[in-house]
Amino acid sequence: MHVKYLPMRWKTGDNYCYVLSDDATKKSWLIDPAYPSDILPYLKTENKTEVEAIVNTHHHYDHSGGNADLLKLYKNIPVIAGKDSPNVTHTPKHGEVLKLGDNVQITAIHTPCHTQDSICYFAQDTKTGEKAVFTGDTLFISGCGRFFEGNGAEMQAALQRLMDLPDSTKVYPGHEYTLSNVKFSKTVLGPNNKALKELEDYCLKHEVVTGAFTVADEKLFNPFVRLTDPEVIKSTKESDPVSVMDKLRQMKNNF
Ligand SMILES: [Zn+2]
């Protein structure tokens, strides 16, 4: 399978759209194609792919705002998303498996908290073994989304579902927030976290971090999945994992 990231609103924002394609058939999903003008030149010139579906990780406009305009171009294709996205035609159940082309298998993972309709998509190439997860605004590299429609217990459960995926799964979040997340994570995880130091070095050399790190890396450098790390407990002055999660989010919001 092939994952192409397309930066959207790159001068004013930091959103990613992803084009997930099956190697054999070139059929593709457009994941969070919110700003068609940032995406269509690629689809028309470089990658004349057959778009099979529009897919949203959640209903926020900077993820779903392109659905209506894209449907005018790609008529009668499904819009796969949670219940609150515009033009949605199919909301997969938690654990439902969808197919793209010959070799890509995608499992829907419900992760309610940032929004109640948040769904992450875990893609596996059955031929090459490659694995990727599209995490929207639930999981960021070394961070997580704000709890707009949920609470700490829900985010803990959501992130646990993602951490239960195979360690080699590459993480593709909805925004490029890595550098600012690293600044916060350093204050929480302390100076001795080697993986976080390596992530910081990577960020200083690369504007784009998406897809460069895996679920295994998140377990090392993301404080929001390290709720029992003694450094995190020390920083939050909480010990119950849900209280640690709530406190971390509160600290990040005020950082
Ligand atoms: Zn959002």
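The following exercises, with worked solutions, concern a predicted model of a single protein chain.

**Exercise 1. Overall form**

Determine how many helices and strands the chain contains, and how its radius of gyration compares with the globule rule.

*Solution.* Begin with the secondary structure: the chain holds nine helices and twelve strands. Next, take the radius of gyration, which is 18 Å; the globule rule gives 18 Å for 255 residues, so the chain is as compact as a globular protein of that length. Finally, consider the extent along the principal axes: the C-alpha atoms fill a box of roughly 55 × 35 × 35 Å.

**Exercise 2. Burial, contacts and surface**

State what percentage of the residues count as buried, and what share of the contacts with a separation of 6 or more joins residues 24 or more positions apart.

*Solution.* Burial comes first: 53% of the 255 residues count as buried. Turning to the contacts with a separation of 6 or more, 61% are made by residues 24 or more positions apart. The surface completes the account: about 11300 Å² is exposed, and carbon and sulfur atoms supply 51% of that area. As to charge, there are 29 positive and 33 negative side chains, with the centres of the two sets 3 Å apart.

**Exercise 3. The nonpolar cores**

Identify the residues of the largest nonpolar core that touch the most other members, and the element that supplies its largest share.

*Solution.* The largest core has 34 residues, and those touching the most other members are Met155, Leu159, Leu162, Leu199 and Leu248. At least two residues each are supplied by β8 (119-125), α4 (152-163), α5 (178-189), α6 (194-205), α7 (215-221) and α9 (241-253). The largest share, five residues, comes from α4. Now examine Leu159: beyond its neighbours within four places in sequence, Leu159 is in contact with Thr138, Leu139, Cys144, Phe224, Val225 and Met245. Another core, of 22 residues, lies apart from the largest one and includes Val3, Ile80, Ile106 and Val208. As a general point, nonpolar side chains in soluble globular proteins tend to be buried together.

**Exercise 4. The setting of Thr25**

Locate Thr25 in the chain, classify its accessibility, and name its contacts outside the neighbours within four places in sequence.

*Solution.* First, Thr25 occupies the loop between β2 (15-21) and β3 (27-31). Secondly, its relative accessibility is 26%; buried means under 20% and exposed over 50%, so Thr25 counts as partly exposed. Thirdly, with neighbours within four places set aside, Thr25 is in contact with Gly101 and Asp102. Gly101 is 76 residues from Thr25 along the chain, yet their C-alpha atoms are separated by 5.7 Å.

Key:
Residues numbered from 1 in each chain as written. Predicted model: local features only at pLDDT ≥ 70, side-chain atom pairs only at ≥ 80, totals over all residues. Heavy atoms only, no water. Helix = DSSP H or I, 4+ residues; strand = E, 2+ residues; numbered from the N terminus. Rg over C-alpha atoms; globule rule 2.2 N^0.38 Å. Buried < 20%, exposed > 50% of the residue type's maximum accessible area, 1.4 Å probe, protein only. Contact = heavy atoms within 4.5 Å. Areas by Shrake-Rupley, 256 points an atom, 1.4 Å probe, with all protein chains shown as cover. Lys, Arg positive; Asp, Glu negative; His and termini not counted. Charge placed at Lys NZ, Arg CZ, Asp CG, Glu CD. Core = buried A, V, L, I, M, F, W, Y, C linked by side-chain atoms within 4.5 Å.
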